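User: Please take a close look at the charged side chains of this model and at how they pair, with enough of the overall fold to place them. I would like the cut-offs stated wherever a term depends on one.

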Amino acid sequence: MKVGMIFGEGVSGRGAREVLKKMKYEIIMVDDKTGMPSDSAEELMDKVDIFIKSPGIPYTHLVKKAFEMKVEVVDEIELAYRYMKKAGIKTKIIAVTGSNGKTTVTSKITELLQKAGYKCEHAGNIGNSFGELICEREDLDYVVLELSSFQLENLKEFKADIAMVINLSPDHLSRYKSEQEYFDAKFNIGKNQTEEDIFIYNLNDKDSMKRIGKITGHKLGVTVGAGKEYAVCHTTDAYVVYNGKIVLEKEKLSLKGKHNLENVLFILTVAECIGIDENIVREFLYSTKPLEHRMEKFYKWKNIYFVNDSKGTNIDSTCFAIDAYEDAVLICGGKEKGLPLDELVEKIREKISEVYLIGEMTERFKEALLLGGYPNKKIHAAGDMENAVKTLREKLSGDEEKVVLLSPSTSSFDQFPNFETRGRVFKELVRKYFKEGEEL
């Protein structure tokens with residue numbers, strides 16, 4: 001019997017375990033907190049045929065040992081794909097990545113396909129395991145995979161029927177040697193495609209355009225800015241146009257903001273490629289609700305509005321949020337990822353009335369703001385979320401209209417297990433300290 005070693009017993013690891021069971025492998029589960037310690041697992045490496053590394057785990061000594069002993073190293077996404085093909089499962093794959101917008105695009109493509117009558121579910125970085133899903137639901141017409149750069153690092157045979165890179169901006173520089181290495185990992189999503197497969201890309205994203213020549217699938221460009229003459233889908237002042245035909249009225253779209261307009265182009269292009277009736281597409285995109293934790297205006301107290309953008313985990317996403325809510329009070333900060341702060345500091349200096357800093361980035365963030373000319377009296381080192389919200393309650397009278405915006409610009413792992421928990425805690429604290437407000 002072949003042996004598979006799984007490193008990491010999280011969502012991805014559990015999915016890999018289900019797949020290996022289906023493939024009749026003997027399974028060695030390794031997790032330094034809940035299972036066999038990685039030090040002990042090294043002694044068993046000579047028995048292992050395949051090594052499945054959970055994407056969030058860095059390239060530790062155990063992973064390097066697998067490479068040294070020429071054991072094949074893959075992630076759960078690759079393993080599940082191989083099982084799907086071996087088992088003859090006909091489910092088509094739509095794969096989504098990008099630095100910003102991928103959760104919205106993944107979720108809304110899934111909802112739209114379900115509305116159009118397809119059996120469709122999402123998985124990957126969005127909280128569901130691809131492996132578990134494909135083992136349980138062999139009847140699906142489509143699976144929509146949100147894929148992080150970590151999940152795209154060790155792909156070999158994986159191929160998406162429709163793949164896309166929404167945009168690229170620096171992120172995860174504590175993991176990657178450079179921005180370019182991170183961007184290259186993202187573009188692995190187009191690996192192994194042929195002309196029968198579709199690759200959708202952003203003509204207005206310079207780092208995507210540098211890499212588009214590597215793509216072997218049938219390329220379809222979209223843009224909200226430059227390059228309309230090369231785009232299959234683009235915007236005008238009032239409309240969204242696909243293949244020369246007006247399909248959507250911009251003012252009727254329920255997903256607001258420039259970043260969401262970009263997302264809509266990708267959603268529409270997928271719908272057109274699949275052949276979904278445009279009336280269904282319009283009805284959906286005119287009425288669908290924004291995701292929780294993404295530019296979510298959820299509460300009002302007197303004249304104060306609260307916006308939960310906990311999903312804003314990199315610089316660009318927070319810059320988008322600031323553009324949408326100028327003169328807001330910003331709660332920002334979290335885990336140190338080594339990202340350059342110049343662009344965000346400039347945006348804050350121009351458009352934010354006060355900043356409350358939380359998490360391990362606080363000191364570097366404060367130094368950068370001061371160096372960028374942002375007044376010291378407008379910077380508050382709150383430490384944690386509760387202190388930030390409590391202090392705001394003490395300072396805000398509610399007499400003038402103001403937005404309090406949580407958009408951290410980085411991940412949550414210094415103080416919270418994930419961005420969802422961070423967002424929920426923020427909402428609970430707002431309701432606790434700003435009583436007698438109303439839900440929006």
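Analyst: The protein chain has 15 helices and 20 strands, where helices (H or I, at least four residues) and strands (E, at least two) are DSSP runs numbered from the N terminus. This is a predicted model, in which local features need pLDDT of at least 70 and side-chain atom pairs count only at pLDDT 80 or more, whereas totals for chains, interfaces and linings use all residues. Residues are numbered from 1 along each chain as its sequence is written, and side-chain values use heavy atoms, with hydrogens and water left out.

For the overall frame, the C-alpha atoms occupy a box of roughly 70 × 55 × 40 Å along the principal axes. The radius of gyration of the protein chain, 23 Å, agrees with a compact globule, because 440 residues would then give a value near 22 Å; the radius is taken over C-alpha atoms, and the globule rule is 2.2 Å times the number of residues to the power 0.38. Of the 440 residues, 57% count as buried, that is, under 20% relative accessible area, with exposed meaning over 50% and partly exposed in between (1.4 Å probe, protein chains only). Among contacts with a separation of 6 or more, 66% are made by residues 24 or more positions apart, contact meaning heavy atoms within 4.5 Å.

Turning to charge, the chain carries 65 positive and 72 negative side chains, and the centres of the two sets lie 1 Å apart. Here Lys and Arg count as positive and Asp and Glu as negative, without His and the chain ends, and each charge is placed at NZ of Lys, CZ of Arg, CG of Asp or CD of Glu. Side chains of opposite charge can pair when their charged atoms come close. The count comes to 30 salt bridges, under the rule that a side-chain nitrogen of Lys or Arg lies within 4 Å of a carboxyl oxygen of Asp or Glu.

Helix 4 offers a good place to begin. Arg82 and Glu78 meet in a salt bridge at 2.8 Å, N to O, and the two are separated by about one helical turn because they are 4 residues apart in helix 4. Arg82 counts as buried at 16% relative accessibility, and Glu78 counts as buried at 0%. Both belong to a network of salt bridges that also links Glu72, Lys156 and Glu157.

Just ahead of this helix, in the loop between strand 4 (72–74) and helix 4, sits Asp75, which is buried yet has no salt bridge, the nearest side chain of opposite charge being Lys53 at 4.5 Å. Leaving aside neighbours within four places in sequence, Asp75 is in contact with Ile52, Lys53, Pro55, Phe150, Gln151 and Asn154. Lys86 also has its place in helix 4, which spans residues 76–86, but Lys86 counts as exposed because its relative accessibility is 67%. The C-alpha atoms of Lys86 and Met23 are 9.3 Å apart in space, although the two are 63 residues apart in sequence.

Helix 4 also supplies a contact to Gly131, a residue of helix 6: residues up to four places away in sequence not counted, Gly131 touches Gly15, Val19, Glu76 and Ala80. Gly131 is buried, its relative accessibility being 0%, and its C-alpha atom is separated by 4.5 Å from that of Gly15, 116 residues away along the chain.

Two further pairs complete this selection. The side chains of Lys119 and Asp139 meet in a salt bridge at 3.7 Å, N to O. That pair links distant parts of the chain, with Lys119 in the loop between helix 5 (102–115) and strand 6 (120–124), and Asp139, 20 residues apart from it, in the loop between helix 6 (130–136) and strand 7 (142–146). Lys119 counts as partly exposed at 43% relative accessibility, and Asp139 counts as partly exposed at 38%. Arg17 forms a salt bridge with Glu9, the closest N and O atoms being 3.2 Å apart; Arg17 is partly exposed at 23%, and Glu9 is partly exposed at 24%.
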